[in-house]
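Please open the structure in your viewer and keep the sequence beside it, since this tour moves from the whole chain to one pair of elements.

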Amino acid sequence: MDKDWKSDWDKTWGPALEYGDLDRVSSLLKSGVDPNMQHPRSGQTPLLWSVIPFEHKNGTFVYGYYAKLCQKLIDAGADVNARDDESR
């Protein structure tokens, strides 16, 4: 693995957040991946991605799906006041 993998969204937060993988998030945080890393296109942080409602294939939305994941990120120092590139 290349030396910059910890700063690569697609190798770190992308896969972990897409599936709400709490174990992977824990491993990333333990290995020193920044909980405030910004997505390269949107500027969103892992915490912002985690509070976006999850949409099932049938079109329904699940709110609070990532509650434990959000708490883990906050406990690790995620900035709860962070904004994305559109100041959301």
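Begin with the whole chain selected and its contacts displayed: among contacts with a separation of 6 or more, 56% are made by residues 24 or more positions apart. Bear in mind, as you look, that this is a predicted model, in which the pLDDT averages 83 over the chain and 82% of the residues score at least 70.

Next, switch to a cartoon view and follow the chain from the N terminus, where the elements run α-α-α-β-β-α, giving 4 helices and 2 strands. If you then show the surface, you are looking at an accessible area of about 5900 Å², of which 49% belongs to carbon and sulfur atoms, while buried residues make up 32% of the 88 residues.

Now colour the chain by confidence and select residues 61-62, which form strand S2, where the mean is lowest, at 60. Move from there to residues 22-30, which form helix H2, where confidence is highest, at 94.

Keep H2 selected and add helix H4, residues 67-75: the axes of these two helices come within 10 Å and cross at roughly 10 degrees. Because angles under 35 degrees count as roughly parallel, H2 is roughly parallel to H4.

Finally, show the side chains where the two helices meet. On the H2 side, select Leu 22, Val 25, Ser 26 and Leu 29, which meet Lys 68, Leu 69, Lys 72 and Leu 73 of H4. Sorted by class, this contact has 5 nonpolar, 1 polar and 2 charged residues.

Conventions
Residues numbered from 1 in each chain as written. Predicted model: local features only at pLDDT ≥ 70, side-chain atom pairs only at ≥ 80, totals over all residues. Heavy atoms only, no water. pLDDT = per-residue confidence, 0-100. Axes fitted to C-alpha atoms, helices over the stretch in contact; angles between N-to-C directions. Parallel < 35°, antiparallel > 145°, perpendicular 65-115°, else oblique. Contact = heavy atoms within 4.5 Å. Nonpolar A, V, L, I, M, F, W, Y, C, P; charged D, E, K, R; others polar. Buried < 20%, exposed > 50% of the residue type's maximum accessible area, 1.4 Å probe, protein only. Areas by Shrake-Rupley, 256 points an atom, 1.4 Å probe, with all protein chains shown as cover.
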